[in-house]
Amino acid sequence: MTIPTVHLNDGYEIPQLGYGVFKVPPTDTERAVTEALEVGYRHIDTAAIYGNEEGVGAAIAASGIARRDLFITTKLWNDRHDGDQPRAALRESLDKLDLEMVDLYLVHWPTPAKDDYVHAWQQLIELREAGLARSIGVSNFLVPHLERIVAVTGVVPVVDQIELHPAYQQREVTAWAAGHGVKIEAWGPLGQGKYDLFGLPAVKDAAAAHRKTPAQVVLRWHIQKGNIVFPKSVRRERLEENLDVFDFSLTDAEVAAIDALDPGDGSGRVSAHPDEVN
């Protein structure tokens with residue numbers, strides 16, 4: 001099975017479906033990532049704050065998979081934005097991952113109260129130029145944050161990784177991204193289990209029609225919307241299930257029904273607002 005790739009605005013490609021290790025315990029990460037790689041995942045998304053980069057690195061080293069066939073993302077945490085801290089932080093992440101470079105490095109949150117995300121972005125540009133990160137992007141940035149970093153630096157992120165699921169589709173951010181060649185990575189693509197997504201008729205009926213699970217239907221919805229997704233699980237059977245979404249397509253009506261699950265007033269957010277994380 002071949003996982004489709006998405007073309008980034010810097011000329012590189014990213015696998016559209018990957019494996020995320022948010023909240024995977026450090027003691028379980030090597031096993032979980034090893035199983036993900038065995039199942040067929042080649043895109044791994046981690047972050048310094050997750051505390052499990054070493055486990056990701058150990059799994060990569062033991063896998064025998066050529067580095068060129070893997071896509072590894074990590075992220076700069078909020079307390080490392082100023083001065084030359086971004087370079088030191090990335091060096092630390094690379095040491096833990098046992099890699100010479102990452103395929104994608106992200107500013108994890110804009111931390112607007114500290115007003116240092118522009119500096120952090122300028123530092124990521126330098127890290128890309130130094131060959132420590134092949135591509136650079138952001139996470140949890142809203143339109144004002146995106147507009148500001150582009151206005152100051154002239155460099156557009158390749159991705160914006162944001163909370164996005166059927167009840168909260170962030171249409172303002174996704175519209176801006178589409179107009180500027182920025183790809184959307186959806187974190188919490190299944191709503192983190194914080195509402196009865198799988199019991200909603202738009203999801204449940206599509207699952208029955210295609211003989212798929214509700215989770216597979218939602219992941220397929222993301223794929224057809226063009227989102228990059230990396231659902232998290234520590235169970236091998238769920239890893240396999242999440243990958244088995246390329247042998248069917250939702251109809252236009254089914255996509256529209258899931259689109260309609262967002263009330264449009266922001267009430268579907270299940271995690272922190274980017275302006276409140278500093």
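Leaving aside its neighbours within four places in sequence, which residues is Trp121 in contact with? In this predicted model, the contacts of Trp121 are Val107, Ile136, Gly137, Val138, Ile149, Thr153, Val155, Val156 and Pro157.

## Nonpolar cores

Trp121 belongs to the largest nonpolar core, which has 71 residues. Together with Tyr19 and Tyr105, Trp121 touches the most other members of that core. The element that gives the most to this core is helix H4, residues 117-129, with seven residues. There is also a second, separate core of nine residues, and its members include Val6, Ile14, Phe71 and Val159.

## Salt bridges

Over the whole structure, the search finds 16 salt bridges. Three of them are set out below, with the distance between the closest N and O atoms.

| Salt bridge | N to O distance | Separation in sequence |
|---|---|---|
| Arg236 and Glu38 | 2.9 Å | 198 residues |
| Lys75 and Asp45 | 2.6 Å | 30 residues |
| Asp244 and Lys212 | 3.2 Å | 32 residues |

The salt bridge between Arg236 and Glu38 has its closest N and O atoms 2.9 Å apart. Arg236 lies in helix H9 (residues 236-243) and Glu38 in helix H1 (residues 26-39), so this pair ties together parts that are 198 residues apart in sequence. Arg236 is partly exposed, its relative accessible area being 31%.

The side chains of Lys75 and Asp45 form another salt bridge, at 2.6 Å from N to O. This pair links distant parts of the chain, with Lys75 in strand S5 (residues 71-76) and Asp45 in strand S4 (residues 43-45). Both partners fall under the 20% limit for a buried residue: Lys75 is buried at a relative accessible area of 0%, and Asp45 is buried at 2%.

In the third pair, Asp244 and Lys212 form a salt bridge with the closest N and O atoms 3.2 Å apart. Here the link is between two loops: Asp244 sits in the loop between H9 and helix H10 (252-259), and Lys212 in the loop between helix H7 (201-210) and helix H8 (214-225). Asp244 is partly exposed, with a relative accessible area of 34%, whereas Lys212 is buried, with a value of 14%.

Salt bridges that share partners also join Asp28, Arg31 and Glu35 into one network. Of these residues, Glu35 lies in helix H1 and is buried, with a relative accessible area of 17%. Which residues are in contact with Glu35, leaving aside its neighbours within four places in sequence? They are Arg236 and Leu239. Arg236 is also the salt-bridge partner of Glu38.

## Pockets

The largest pocket has a volume of about 820 Å³. Its lining is made up of 34 residues, and those nearest the centre are Phe22, Gly188, Pro189, Gln192 and Lys232. By class, the lining of the largest pocket divides into 15 nonpolar, 12 polar and seven charged residues.

For the second largest pocket, the volume is about 270 Å³. This pocket is lined by 14 residues, and Leu164, Thr174, Ile184, Lys225 and Asn227 lie nearest its centre. Helix H6 (171-180), strand S9 (183-187) and H8 each supply at least two residues of this lining. Which element gives the most to the lining of the second largest pocket? H6 does, with four residues. The classes in this lining are six nonpolar, four polar and four charged residues.

## Val218 in helix H8

Helix H8, which supplies part of the lining of the second largest pocket, also holds Val218. Is Val218 buried or exposed? Val218 is buried, with a relative accessible area of 0%. Leaving aside its neighbours within four places in sequence, Val218 is in contact with Pro166, Pro189, Leu190, Leu197, Phe198 and Val203. Among these, Pro189 is one of the residues nearest the centre of the largest pocket. From Val218 to Gly191, the C-alpha to C-alpha distance is 9.9 Å, and the two residues are 27 residues apart in sequence.

Methods. Residues are numbered from 1 along each chain as its sequence is written. This is a predicted model: local features need pLDDT of at least 70, side-chain atom pairs count only at pLDDT 80 or more; totals for chains, interfaces and linings use all residues. Side-chain values use heavy atoms; hydrogens and water are left out. A salt bridge is a side-chain nitrogen of Lys or Arg within 4 Å of a carboxyl oxygen of Asp or Glu. Buried means under 20% relative accessible area, exposed over 50%, partly exposed in between (1.4 Å probe, protein chains only). A nonpolar core is a set of buried Ala, Val, Leu, Ile, Met, Phe, Trp, Tyr and Cys residues joined through side-chain atoms within 4.5 Å. Contact means heavy atoms within 4.5 Å. On a 1 Å grid over the protein atoms alone, a cavity is a set of points where a 1.4 Å probe fits but cannot get out, and a pocket is an open set with protein on both sides within 12 Å along at least five of seven lines; lining residues have an atom within 4 Å of a point. Grid points are joined across faces, edges and corners, and a volume is the space filled by probe spheres set on the points. Ala, Val, Leu, Ile, Met, Phe, Trp, Tyr, Cys and Pro count as nonpolar, Asp, Glu, Lys and Arg as charged, and the others, Gly among them, as polar.
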